[in-house]
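Below is a brief report on one protein model with a bound ligand. The ligand site comes first, then the overall fold, then selected residues.

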Amino acid sequence: MAEHTKCPFLVVGGGIGGLATALGLANNGKSVHVLEQAPEFTELGAGLQLAPNALAVLDQLSVLETIYEHAVFPKRLVIKDAYDGKELTTLDLGESFREKFQYPYIVMHRSDLHMVLLNACRNHKNIQLLTNKQVQAVDHINNKEIKVSCGDNTEYIAEAVIGADGLWSNTRKLVADDKPICSEYVAYRGAIPISEISEDIGMDDVIMWIAPNLHLVQYPIRRGELYNQVAVFKSFHYKENSDEWGTPEELDEHFNKCCTKVQNAIKYVHRQRRWPMYDREPIENWTSGRFTLLGDAAHPMLQYLAQGACQALEDVVCLTEKLSEHDTDIEKAFLEYQQERTTRTAQVQRNARTWGDTLHAEDKITILLRNKLFKQNANNTNAVDWLYGHFAKKSKEKVT
Ligand SMILES: Cc1cc2nc3c(=O)[nH]c(=O)nc-3n(C[C@H](O)[C@H](O)[C@H](O)COP(=O)(O)OP(=O)(O)OC[C@H]3O[C@@H](n4cnc5c(N)ncnc54)[C@H](O)[C@@H]3O)c2cc1C
């Protein structure tokens with residue numbers, strides 16, 4: 001007979017989405033258990049870009065000041081041609097950007113963000129953090145209770161459950177029977193000490209080098225102590241259910257065609273681990289009674305707009321707002337949360353795919369037109385209004 005623990009709110013998954021959810025709920029007076037499958041709460045050794053729409057959430061969670069201590073504040077987002085090295089477009093992140101979107105654009109180490117959230121959760125009396133808890137099943141017992149069963153034969157009976165268990169979500173099975181879709185692109189990424197790089201690197205910019213079927217992203221993190229690089233390319237040897245594609249040899253083959261600066265940068269990219277890139281089709285239903293999804297479990301997207309974590313954080317604000325509005329009616333709060341978030345996140349998921357196709361275009365005419373548009377749109381913050389201005393727009397609407 002499995003051991004039972006009763007709890008009001010239960011979050012499955014202790015990534016950025018899960019921890020931020022626990023904090024948002026706890027700050028609103030809810031008592032929360034977080035179940036994480038890993039032996040400890042950790043994040044990857046790589047970087048993360050956070051746009052103003054994410055910073056608005058971190059501010060609401062009262063962790064923004066601590067986040068700023070670990071962040072780098074780049075001056076520009078720059079796209080360059082990876083073959084000839086020419087600058088194609090840029091977005092100035094200075095004063096007028098900050099004024100318009102009410103927060104800056106920052107880059108930081110994932111594990112620094114995760115650690116800030118984790119410490120805030122650890123210091124909150126309403127949050128219980130549990131590791132080595134691999135959730136295997138989520139079942140409705142009745143219309144007020146949900147049973148969560150773990151691999152170690154423990155069970156939790158919760159009044160509400162939020163599945164924040166990432167791209168390969170197990171809890172998503174309660175509401176959908178779909179599977180992640182492989183883009184046939186693969187990423188190699190990691191951060192190295194700045195002191196190990198002998199090349200001349202731009203400390204003020206987030207740089208994206210693009211060419212047909214590939215790109216390389218570079219930016220400094222951890223107050224400028226580390227340099228983060230993500231090299232991405234389309235494998236021409238993709239095989240379903242196999243790990244024998246997107247190899248380090250293919251990485252070199254793809255990037256050997258690039259300008260010297262990119263070729264030199266690729267030498268510093270970690271090769272120990274490859275990340276095949278997946279997303280899923282947007283779905284309209286994340287909710288079943290007192291269960292709902294959040295973050296990558298709900299809307300995994302390709303990383304090209306650098307918005308996956310930002311969208312998970314946006315989810316948190318919406319979910320906590322709906323729960324405070326309908327304090328005694330969790331089902332209603334979850335349904336309204338889903339209604340508000342599914343349209344927005346589907347738009348970001350779809351745009352991330354299209355943006356990827358644009359960056360990786362092969363056809364000469366498409367490239368010509370794209371580069372012309374890039375030039376015309378340089379420093380046009382209106383083009384990113386829909387993405388970064390989510391909360392800025394709402395707060396202006398409230399004032400007027
Ligand atoms: C190359 C790359 C670059 C990216 N760059 C950016 C960027 O710059 N900006 C940005 O906003 N986003 C970026 N993203 C996306 C971002 O990383 C994700 O969207 C974000 O981490 C999702 O957080 P999450 O908490 O929803 O899921 P995850 O981070 O996947 O966390 C899920 C957690 O659940 C746990 N878990 C899983 N299954 C179970 C289970 N059965 N039981 C218990 N626990 C479980 C996992 O161990 C994990 O801790 C990038 C993604 C990639 C791949």
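## Ligand shell

Helix H1 (16-27), strand E3 (47-50) and helix H8 (308-325) each give at least two residues to the shell around the ligand. Helices (H or I, at least four residues) and strands (E, at least two) are DSSP runs, numbered from the N terminus. The model is predicted: local features need pLDDT of at least 70, side-chain atom pairs count only at pLDDT 80 or more, and totals for chains, interfaces and linings use all residues. Residues are numbered from 1 along each chain as its sequence is written, and side-chain values use heavy atoms, with hydrogens and water left out.

The ligand has 30 residues around it. A residue counts as near if one of its heavy atoms lies within 4 Å of the molecule. Gly17, Glu36, Gln49, Arg110 and Asp296 come nearest. By class, the shell holds 10 nonpolar, 13 polar and 7 charged residues. Here Ala, Val, Leu, Ile, Met, Phe, Trp, Tyr, Cys and Pro are nonpolar, Asp, Glu, Lys and Arg are charged, and the others, Gly among them, are polar.

## Backbone contacts to the ligand

Which ligand atom pairs with the backbone of glycine 308? A nitrogen atom of the ligand is 3.3 Å from a polar backbone atom of glycine 308. Oxygen atoms of the ligand pair with the backbone too: one is 2.8 Å from a backbone N or O atom of glycine 17, and a polar backbone atom of isoleucine 16 lies 3.4 Å from a ligand oxygen. On its own the ligand has 1,000 Å² of accessible area, and the protein covers 86% of this. Accessible areas come from the Shrake-Rupley method with a 1.4 Å probe; for residues, only the protein chains shown count as cover.

## Overall fold

The protein has 12 helices and 16 strands. Its radius of gyration, taken over C-alpha atoms, is 21 Å, close to the 21 Å from the globule rule for 400 residues, so the protein is as compact as a globular protein of that length. That rule is 2.2 Å times the number of residues to the power 0.38. The C-alpha trace spans about 65 × 55 × 40 Å along its principal axes.

Buried residues are 56% of the 400. Buried means under 20% relative accessible area, exposed over 50%, and partly exposed in between (1.4 Å probe, protein chains only). The protein exposes about 18,100 Å², with 48% supplied by carbon and sulfur atoms. Among contacts (heavy atoms within 4.5 Å) with a separation of 6 or more, 73% join residues 24 or more positions apart.

## Histidine 390

Histidine 390 lies in helix H12 (residues 390-399). Is this residue buried or exposed? Histidine 390 counts as buried, because its relative accessibility is 18%. Its side chain makes a polar contact of 3.4 Å with that of arginine 344. Such a contact is a pair of N or O atoms within 3.5 Å; within protein, one must be able to donate a hydrogen and the other to accept it, and residues adjacent in sequence count only if both atoms are side-chain atoms. Beyond neighbours within four places in sequence, histidine 390 touches Asn53, Glu314, Arg341, Arg344 and Asp385.

## Two asparagines with positive phi

Asparagine 153 sits in the loop between strand E9 (146-150) and strand E10 (154-163). Its phi is near 70°, and it is exposed at 52% relative accessibility. Asparagine 241 is in the loop between strand E14 (226-234) and helix H6 (248-255). Its phi is about 55°, and its relative accessible area of 79% makes it exposed.
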